[in-house]
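The following paragraphs go through one protein chain, from its core outwards to its loops. Keep the sequence and the structure open alongside the text.

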Amino acid sequence: GKKLAWLSEDAHSVNFLHVADSNGNNIETLVKNSTASDDRALSEVREIEWETKDYPASMRGLLVLPQRYEQGKPLYGGILVNTPLEWQLWAAKGYAVFIPEFRSSGAFGSMAITRDAKQEHDLVNRDIIDICTGVDALISRGIVDKNRVAVIGFSAGGFRANWLLVSTHRFATVISKEGWADNYLSAGLHNFAGFKNYGGTPITHPEYYQKNSPIYHALGASTPALFLMGD
C-alpha cells in the first residue's frame, strides 16, 4: 500500500508506465514505449479550455491540428474518436480533431454530476452541452468552419453521437460506432448498472429512461448519419 502504479498514453500514441508514492509524490516514469513507427508524421496537439453552461468549472479537451496548420486559417471541424493514431490519421488528411472532455467523466468534480444525475436525471444531455460549447469555442477562435463539422463517436461516445444526431442540426454528418440509442428497454434486459442515475428501474420511472434515450427524440432528425455496428 505504499506505492501507486498506472499506465498512460499521449496523443501521439506513446505509452508510459508510472510509479509514485501512495500520496502522489515522487512520480517516476519507468517505461516509455511507442506503438507507431519512428517515421510517422506527427501533428501539433494543444490542450484547450472553455466555459460551459451550468457547470462550476472550466471544461478541457485536446485539439489535434492538421499538418502544416496556418494560424488564422479556418479548419474542418470537431471529431470524437477513440484512438490517438486515428486522431493523427484525420489530422494528416487536413482536419482539426477535437477531443472534448465532459462532465460525466468526473474529471472536473462531482457537484454538477450529482445534481444532473440524481435530481434532474439528465446527465447525458449535459454532456452534449459540454461538447457543443467546446465546438462553439473553437468556432469563435477562428479555428473551425461551423458549416463543416463532423462527429464520430465510439461506444459511449457513439451514444452521445446519437444524441447529437437527434438534438441539433448544426453538424454536417454524424458517425456512430458501436453506440446505442435506448436506455429504457436495454436497462431491463441487462439489469442496468445505472438505475441510481434514473431514480429507480424502467418499470417505476420509465419517463427518466425515455428522457435519456435518443430513439425517443428522433422525430425531425435530418443530419446524414452512418451507423457502424458489430453483431
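A nonpolar core is a set of buried Ala, Val, Leu, Ile, Met, Phe, Trp, Tyr and Cys residues that are joined through side-chain atoms within 4.5 Å. In this predicted model, the largest such core has 30 residues. Those with the most contacts inside this core are L63, F98, L138, L164 and F171. Helices α3 and α4 and strands β4 (45-50) and β5 (59-64) each supply at least two of its residues. The largest share comes from α3, with seven residues. There is also a second core, separate from this one, made of six residues, among them V64, A91, V97 and I99.

The chain around these cores has six helices and nine strands. Of its 231 residues, 42% are buried. Among contacts between residues at least 6 apart in sequence, 56% join residues at least 24 apart.

Helix α3 is a natural place to continue. The 18 residues of α3 should span 26 Å at 1.5 Å a residue, and its end C-alpha atoms are 26 Å apart, which agrees. Of these 18 residues, 14 are buried, so α3 is largely enclosed by the rest of the structure. After the helix comes G142, which has a positive phi near 75°.

How do α3 and α4 pack against each other, and at what angle? Helix α3 covers residues 123-140 and helix α4 residues 156-167; they pack at about 80°, and their axes are 10 Å apart. Because angles of 65 to 115 degrees count as roughly perpendicular, α3 is roughly perpendicular to α4. On the α3 side, the contact is made by V124, N125, D127, I128, I131 and C132. On the α4 side, F159, R160, W163, L164 and S167 take part. By class, this contact of α3 with α4 has seven nonpolar residues, two polar and two charged.

Helix α4 can be treated in the way α3 was. For its twelve residues, 1.5 Å a residue gives an expected span of 16 Å; the end C-alpha atoms of α4 lie 17 Å apart, which agrees. Is α4 mostly enclosed or exposed? Ten of its twelve residues are buried, so the rest of the structure largely encloses this helix. The buried residues are G157, G158, F159, R160, A161, N162, W163, L164, L165 and V166. Among the elements that cover them are α3, β7 (150-154), β8 (173-177), α6 (206-211) and β9 (225-228). L164 thus appears in two settings: L164 is one of the residues with the most contacts inside the largest core, and L164 also takes part in the contact with α3.

Another helix, α1 (residues 84-92), contains P84. With a relative accessibility of 7%, P84 counts as buried, since the cut-off for buried is under 20%. Leaving aside neighbours within four places in sequence, P84 is in contact with E9, D10, A11, H12 and S13. P84 and A11 are 73 residues apart in sequence, yet their C-alpha atoms are 5.0 Å apart in space.

The loops supply the remaining points. The loop between β2 (14-21) and β3 (28-34) holds G24. G24 is partly exposed, at a relative accessible area of 34%. Its C-alpha atom lies 8.7 Å from that of K3, while G24 and K3 are 21 residues apart in sequence. N26 is found in the loop between β2 and β3 as well. With a relative accessible area of 56%, N26 is exposed.

Most residues other than glycine have a negative phi. N26, a residue other than glycine, has a positive phi near 55°. E178 is not a glycine either, and has a positive phi of about 55°. E178 lies in the loop between β8 and α5, and counts as partly exposed at 36% relative accessibility.

Further along the chain, the loop between α5 (184-189) and α6 contains G199. G199 is partly exposed, with a relative accessible area of 38%. Neighbours within four places in sequence aside, G199 is in contact with H121 and H205. G199 and E120 are 79 residues apart in sequence, and the distance between their C-alpha atoms is 9.5 Å.

Methods: Residues are numbered from 1 along each chain as its sequence is written. This is a predicted model: local features need pLDDT of at least 70, side-chain atom pairs count only at pLDDT 80 or more; totals for chains, interfaces and linings use all residues. Side-chain values use heavy atoms; hydrogens and water are left out. Axes are lines fitted to C-alpha atoms, for helices over the stretch in contact, and angles run from 0 to 180 degrees between N-to-C directions. Helices (H or I, at least four residues) and strands (E, at least two) are DSSP runs, numbered from the N terminus. Angles under 35 degrees count as roughly parallel, over 145 as roughly antiparallel, 65 to 115 as roughly perpendicular and the rest as oblique. Contact means heavy atoms within 4.5 Å. Ala, Val, Leu, Ile, Met, Phe, Trp, Tyr, Cys and Pro count as nonpolar, Asp, Glu, Lys and Arg as charged, and the others, Gly among them, as polar. Buried means under 20% relative accessible area, exposed over 50%, partly exposed in between (1.4 Å probe, protein chains only). The expected span of a helix is 1.5 Å times one less than its number of residues.
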